Amino acid sequence: MLSSLAPQPSGLAPVLSGLAPVLSSGSSAAAGAAPESLCHPLPEVRMMPRWNDGSTWNSGALWGPAAPASPLIPNPKRNKRTMKRQPYYPKLMPQQPEWHHNFASKLPGYATALGLDTAEVNAAVADNLLLAYALGDWITNVRNFAPSCTSALEDLTGGNGSEPFAFPAYAAPTPPALPSGITEVAPGALDRTFLLVKEIKGKKAYNETMGLDLRVVEEEDAAEHPRPEFALKTEAGDGCHCVKVRFKKFGHYAVAVYSKRGSGGWELLGIDSSSPYEDDRPLLVAGQPEIREYKLRFWDAGEENGDWTDVASITVSL
């Protein structure tokens, strides 16, 4: 194979079938044969540059294939936990500041009866005063200021005149005075308010008169719904038929769930403030389907109240 090749100038070596002949001065090779001592493996070949190794278009390097794609790095989403809006809370923002003002002004008057300590009440008052300010005066002021910001940008980008450009000055409305000893409010003020309302409704001293005054009961629902509403559904799982009792409590704190089956009488299954209630009792007789009956009442301030619902029944077979 090498017989047809002329010796190359010093410093150049042809590449042939993975071998590089090395010719030293004074050496001779028989025609048609390549002495083994003259054949050496090629030195390690330098990889062609890739797009991301820093080579430039005029560096003299030959470009190779694109580098393998970098592994994907997960971008975890931040879970923003917020409490579900409560039925007593105004849905329209213009009505919300007044609700917070009312709650902040009325809560201290019920603190003793409800067993709330001063620090807890002051913190709740601060939360609601700042919420009223933010949802009312402050956001209104910011929105009214926005057009002047747009006008300033138009002036900066394409205006004329000799006067130096200046950003419009923003003057926020005066914040409310917070209770003594409180100078700031932490994020999550509305969620804390909802949790406090739930706590208040669970106290024995709580009554509907307080709720209406604090505006934590839907007046319309309290008047039009003397009893809960509920529906039954069975769901199979883990070798049993569980009965889900989905209910509406219309602003009340909870419902009392009663049931009876077979020849037994009515029994209280539980007090539940969050729908659905799950009845996962095993069958009275394994493998023998049974009919279960249910009825509910409202439960507030440690006792049942309101009218009984109609009785509903369902068959459980596992």
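**Close-up views of a predicted model**

The side chain of Glu-290 comes within 2.9 Å of the backbone nitrogen of Leu-284. This contact belongs to a predicted model. The legends below start with Glu-290 and end with the whole chain.

**View 1. Glu-290 is a buried residue of strand 8.** Strand 8 covers residues 290-300. Glu-290 has a relative accessible area of 8%, under the 20% cut-off, and therefore counts as buried. Its side chain makes a polar contact of 2.8 Å with the side chain of Arg-261. Beyond four places in sequence, Glu-290 also touches Pro-282, Leu-283 and Leu-284. Ile-314, Thr-315 and Val-316 are further contacts of Glu-290.

**View 2. Lys-244 is a buried lysine in strand 4.** The strand runs over residues 240-248. The relative accessible area of Lys-244 is 17%; the cut-off is 20%, so Lys-244 counts as buried. Its side chain meets that of Glu-235 in a polar contact of 3.4 Å. Contacts more than four places away in sequence include Ala-231, Leu-232, Lys-233 and Glu-235. Pro-276, Tyr-277 and Glu-278 also touch Lys-244.

**View 3. Helix 3 spans residues 189-201.** It has 13 residues. From first C-alpha to last, helix 3 reaches 19 Å, close to the expected 18 Å. Its buried residues include Ala-189, Leu-190, Asp-191, Thr-193 and Phe-194. Leu-196, Val-197, Ile-200 and Lys-201 are buried as well. Helix 1 (96-114) and helix 2 (118-158) are among the elements that cover these residues.

**View 4. A nonpolar patch on the surface is formed by Leu-153, Leu-156 and Phe-167.** Together the three residues have about 350 Å² of accessible area. Leu-156 lies in helix 2. Its relative accessibility is 46%, between the 20% and 50% cut-offs, so Leu-156 counts as partly exposed.

**View 5. The whole chain has five helices and ten strands.** It contains 318 residues, of which 30% count as buried. Take the contacts between residues at least 6 apart in sequence: 59% of them join residues at least 24 apart. The chain exposes about 21,200 Å². Carbon and sulfur atoms supply 55% of that area.

Definitions and conventions: Residues numbered from 1 in each chain as written. Predicted model: local features only at pLDDT ≥ 70, side-chain atom pairs only at ≥ 80, totals over all residues. Heavy atoms only, no water. Helix = DSSP H or I, 4+ residues; strand = E, 2+ residues; numbered from the N terminus. Buried < 20%, exposed > 50% of the residue type's maximum accessible area, 1.4 Å probe, protein only. Contact = heavy atoms within 4.5 Å. Areas by Shrake-Rupley, 256 points an atom, 1.4 Å probe, with all protein chains shown as cover. Expected span 1.5 Å × (residues − 1). Polar contact = N/O pair within 3.5 Å; in protein donor to acceptor, adjacent residues only side chain to side chain. Patch = residues over 30% accessible without salt bridge, like charges linked within 9 Å, V, L, I, M, F, W, Y side chains within 5 Å. Salt bridge = Lys/Arg side-chain N within 4 Å of Asp/Glu carboxyl O.
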